[in-house]
Amino acid sequence: YPTMMGLIDQLKDDGTRQFGVGHFDLVIIDEAHRSVYQKYGAIFKYFDSLLVGLTATPRDEVDRDTYHLFGLQTGVPTDAYGMNDAVTQGYLVPPKSFSVPLKFVRQGIQYAQLSAEEKEHWESIDWGDDGPPDEVGAGEINKFLFNEDTVDKVLATLMTDGYTVAGGDRLGKTIVFAKNQQHAEFIQRRFDHGWPHLAGRFARVITHSVPYAQQLIDDFSAPEKEPHIAISVDMLDTGIDVPEAVNLVFFKTVHSRSKFWQMIGRGTRL
């Protein structure tokens, strides 16, 4: 998009534009639910061409309406190929949900309900200038407060009930969606603690903050290579295509419907 914006504004030696409004007969936008609003929308208003937008998750928010960009009624695409059709016709596999009963993640934590030892730990945490709160809501749990037992239970459920490969000898490729960098690192530490014979290689943090992240993604994409568990923050939520990914762990709250289905799509490849 930035390149095209620059080319539209660029003038040739004779003062004419590099691209006139009629230069293209057809413009195709992939991932049309992203980056086509605000300033980049000017590209599609500028060119007088047919416009085709492709997206698995059109948005219908007031300020980000994918349908409006194409002059369509909200919720009524020009054409649609639904997930159910793709599953029925053998192009995708349906997701199967598995819930892990975790009290803290679902209900939050109240200081008054903690034991004396837990209260002491609570008060030792750096809560900032406002000091310790009376409670931490469920939506905030994995933002700055990490519980060993919670993570251990999730990982144990994954390792016990997750889809396996290699004749059942190895957990299949798995993406863990973590809340932030600290949460991702905490999850890896708990995995290395619980499965020391796999420590440092089977599960790896893959985020924008990690050196050689692309190499880790390439290794994760290879069926037989380690890591087999990718613990990610935003980086693997959308766009990545690893058909071998068979387990997804939602270790954070997802508020965007389109983002949620993009994440689900990481695990529906054949």
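Which residues are linked with Asp234 in a network of salt bridges? In this predicted model, the network joins Asp234 to Asp237, Lys252 and Lys259.

**Salt bridges**

The structure holds 11 salt bridges, and three of them are set out in the table below, each with the distance between its nitrogen and oxygen atoms.

| Basic residue | Acidic residue | N to O distance |
|---|---|---|
| Lys252 | Asp234 | 3.2 Å |
| Arg190 | Asp152 | 2.9 Å |
| Arg201 | Glu226 | 2.5 Å |

Within the network, Lys252 forms a salt bridge with Asp234. Lys252 lies in the loop between S10 and helix H11 (257-264), while Asp234 lies in the loop between S9 and S10, so this pair ties together parts that are 18 residues apart in sequence. Lys252 has a relative accessibility of 15% and therefore counts as buried, whereas Asp234, at 43%, counts as partly exposed.

Arg190 and Asp152 also form a salt bridge. Because Arg190 belongs to helix H9 and Asp152 to helix H8, the pair ties together parts of the chain that are 38 residues apart in sequence. Arg190 is buried, with a relative accessible area of 12%, and its partner Asp152 is partly exposed at 26% relative accessibility.

The side chains of Arg201 and Glu226 meet in another salt bridge. This pair links distant parts of the chain, for Arg201 sits in the loop between H9 and S8 and Glu226 in the loop between H10 and S9, 25 residues apart. Both residues count as partly exposed, Arg201 at 35% relative accessibility and Glu226 at 30%.

**Nonpolar cores**

In soluble globular proteins, nonpolar side chains tend to be buried together. Here the largest nonpolar core has 38 residues, and the members that touch the most others are Val176, Ile187, Phe191, Ile206, Ile229, Ile231 and Phe251. At least two residues of this core come from each of several helices and strands, including helix H8 (148-161), strand S7 (173-177), helix H9 (181-194), strand S8 (203-206), helix H10 (213-221), strand S9 (229-232) and strand S10 (245-250). Apart from this core lies another, made of nine residues, among them Val27, Ala32, Val36 and Phe44.

**Aromatic pairs**

A pair of aromatic rings is described by the distance of the centres and the angle of the planes. A search of the whole structure finds 10 such pairs. In one of them, Tyr1 and Tyr40 are stacked, with 5.3 Å from centre to centre and 20° between the planes. Tyr1 lies in the segment before helix H1 (2-9), and Tyr40 lies in the loop between strand S1 (26-30) and helix H2 (41-46), so the two rings tie together parts that are 39 residues apart in sequence. Tyr1 is partly exposed, with a relative accessible area of 33%.

How are the rings of Phe24 and Phe47 arranged, stacked or edge-to-face? Their centres are 5.2 Å apart and their planes stand at 80°, so the pair is edge-to-face. Since Phe24 lies in the loop between H1 and S1, and Phe47 in the loop between H2 and strand S2 (50-54), this pair ties together parts that are 23 residues apart in sequence. Phe24 is partly exposed, with a relative accessible area of 27%, whereas Phe47 is buried, with 7%. Phe24 and Phe47 also belong to one aromatic cluster, which they form with Phe19 and Tyr46.

Terms used. Residues are numbered from 1 along each chain as its sequence is written. This is a predicted model: local features need pLDDT of at least 70, side-chain atom pairs count only at pLDDT 80 or more; totals for chains, interfaces and linings use all residues. Side-chain values use heavy atoms; hydrogens and water are left out. A nonpolar core is a set of buried Ala, Val, Leu, Ile, Met, Phe, Trp, Tyr and Cys residues joined through side-chain atoms within 4.5 Å. Buried means under 20% relative accessible area, exposed over 50%, partly exposed in between (1.4 Å probe, protein chains only). Helices (H or I, at least four residues) and strands (E, at least two) are DSSP runs, numbered from the N terminus. Rings of Phe, Tyr and Trp (its six-membered ring) pair if their centres lie within 6.5 Å; planes under 30 degrees apart count as stacked, over 60 as edge-to-face and the rest as tilted. A salt bridge is a side-chain nitrogen of Lys or Arg within 4 Å of a carboxyl oxygen of Asp or Glu.
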